[in-house]
Amino acid sequence: MAKKVITFGEIMLRLAPEGYYRFVQADSFGATYGGGEANVAVSLANYGFDAKFVTKLPKHEIGQAAVNSLRKYGVDTSYIARGGDRVGIYFLEKGASQRPSKVIYDRANSSIATASASDFNWKEIFDGAEWFHFTGITPALNDDVAAICLEACKAAKEAGVTISCDLNYRNKLWSKEKAGKVMGELCQYVDVCIANEEDAADVFGIKAADTDVTKGEVNHEGYKDVAKQLADRFGFSKVAITLRESISANDNNWSAMLYDGKDYYFSKKYAMRIVDRVGGGDSFGGGLICASLNGYDSQATIEFAVAASCLKHSIEGDFNMVSMDEVLKLAGGDGSGRVQR
């Protein structure tokens with residue numbers, strides 16, 4: 001029987017101009033769906049897990065379209081509460097060369113932001129589950145949703161479920177001070193912490209030495225200290241940090257580090273030509289959860305997670321539409337991109 005994984009958060013309607021058009025140039029916008037925890041659920045469903053996404057969506061057709069986008073890839077939507085008036089929207093303008101990508105949110109008063117504790121029966125949701133995943137985006141929506149996140153963490157812990165959290169700081173949603181306070185409480189329940197090269201500094205003030213992400217300079221040694229400080233402060237069993245070296249909007253170097261409380265494991269580094277980077281961190285989280293539940297050792301776990309997220313950067317949309325075999329092939333060293341016939 002497939003292992004059951006629960007993710008909880010917001011799925012949004014993504015509206016993006018075609019190709020590299022700017023917002024002000026666009027006459028039409030392509031519509032897809034995505035969101036941190038929904039993206040992780042799709043990855044895990046693609047890897048063969050019983051992935052269940054929990055949220056609240058309107059009963060109307062746009063809400064149903066969001067549900068259908070998850071069902072299409074095998075995600076179980078049976079725990080999604082229905083109600084409220086709107087699906088959150090985000091607009092994405094793809095960057096190119098030295099022009100960065102840009103996201104504009106239109107998500108105020110979305111259904112999940114109006115959710116109440118009574119919308120979710122966490123005891124039932126976690127029955128038979130092995131893993132629970134959420135991100136720092138969800139509690140950032142408002143105090144009520146943060147309280148629901150805390151309730152979910154307590155219920156997951158009571159059910160003996162492993163909890164992972166991607167810190168995912170979003171400065172358009174809350175301040176660093178508020179993030180540190182709320183995430184500090186939630187992280188007391190977390191077993192596996194996932195962060196990018198800036199999150200620990202933004203949320204908890206833990207900075208890596210000799211690193212300047214705006215110049216594409218990432219000091220790997222500095223992140224050993226970041227991971228150890230995070231683990232020491234919160235008792236995490238594992239800390240994974242993605243290390244993105246941004247050369248331009250199109251070209252990034254991509255690697256990651258995993259700390260298991262004893263040793264530090266660094267993945268190989270990939271030089272990526274980016275098609276779509278949104279969801280890159282979520283695909284890393286999905287890969288990390290998959291490898292962990294499959295019992296991979298620490299080095300194999302970080303290699304799988306980085307390979308999965310490397311492939312995501314080549315795929316349009318939020319979701320990482322790749323199979324286990326494709327990830328294992330890249331993690332095993334075949335990154336040539338040669339045609340498979």
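How far is the sulfur of Cys149 from the closest cysteine sulfur, and in which residue does that closest sulfur lie? The sulfur of Cys149 lies 6.4 Å from that of Cys153, its closest cysteine sulfur, which is too far for a bond.

This is a predicted model, in which local features need pLDDT of at least 70 and side-chain atom pairs count only at pLDDT 80 or more, while totals for chains, interfaces and linings use all residues. Residues are numbered from 1 along each chain as its sequence is written, and side-chain values use heavy atoms, with hydrogens and water left out.

**Cysteines**

A disulfide is a covalent bond between the sulfur atoms of two cysteines. With a disulfide taken as a pair of cysteine sulfur atoms within 2.5 Å, the structure holds zero disulfides. Cys187 is likewise in no disulfide, the nearest cysteine sulfur, that of Cys165, being 5.1 Å away. Cys149 is buried at 1% relative accessibility, where buried means under 20% relative accessible area, exposed means over 50%, and partly exposed lies in between (1.4 Å probe, protein chains only). Cys187 also counts as buried, at 1% relative accessibility.

**An open sheet**

Helices (H or I, at least four residues) and strands (E, at least two) are DSSP runs, numbered from the N terminus, and two strands pair if DSSP finds at least two bridges between them. One open sheet has four strands in the order S3-S2-S7-S8, with mixed pairing. Strand S3 (29–34) and strand S8 (102–106) stand at its edges with a single partner strand each, so one side of each is left without a neighbour in the sheet. Neighbouring strands of this sheet are turned by 25 degrees against each other on average, direction ignored; axes here are lines fitted to C-alpha atoms, for helices over the stretch in contact, and angles run from 0 to 180 degrees between N-to-C directions. Strand S2 (residues 12–17) pairs with S3 in the antiparallel sense over six bridges, and Ala16 stands opposite Gly30 in S3.

**Salt bridges**

A salt bridge is counted where a side-chain nitrogen of Lys or Arg is within 4 Å of a carboxyl oxygen of Asp or Glu, and a search of the whole structure finds 18 salt bridges. Some of them are set out below.

| Salt bridge | N to O distance |
|---|---|
| Asp276 and Arg14 | 2.5 Å |
| Asp318 and Arg14 | 2.9 Å |
| Asp50 and Lys52 | 3.4 Å |

Salt bridges that share partners join Arg14, Asp276 and Asp318 into one network. The pair of Asp276 and Arg14 links distant parts of the chain, with Asp276 in the loop between strand S15 (270–273) and helix H8 (280–293) and Arg14 in strand S2, 262 residues apart. Asp276 is buried at 2% relative accessibility, and Arg14 is buried at 4%. The side chains of Asp318 and Arg14 also meet in a salt bridge, and this pair too links distant parts of the chain, Asp318 being in the loop between helix H9 (298–312) and helix H10 (324–331), 304 residues from Arg14 in strand S2. Asp318 is buried, with a relative accessible area of 5%. In the pair of Asp50 and Lys52, Asp50 counts as partly exposed at 26% relative accessibility, whereas Lys52 counts as buried at 8%.

**Helix packing**

Two packed helices are described by the angle between their axes and the distance between the axes. For H8 and H9 the angle is about 145 degrees, and the axes are 7 Å apart. Contact means heavy atoms within 4.5 Å, and the residues that make the contact include Gly280, Phe284 and Leu288 of H8, together with Ile302, Phe304 and Val306 of H9.

**Two buried serines**

Ser255 has its place in strand S13 and is buried, with a relative accessible area of 2%. Not counting residues up to four places away in sequence, Ser255 touches several residues, among them His220, Ile241, Leu243, Lys268 and Val306. Ser248 is found in the loop between strand S12 (238–246) and strand S13 (251–259), and it is buried, with a relative accessible area of 15%. Leaving aside its neighbours within four places in sequence, Ser248 is in contact with Ser97 and Gln98.
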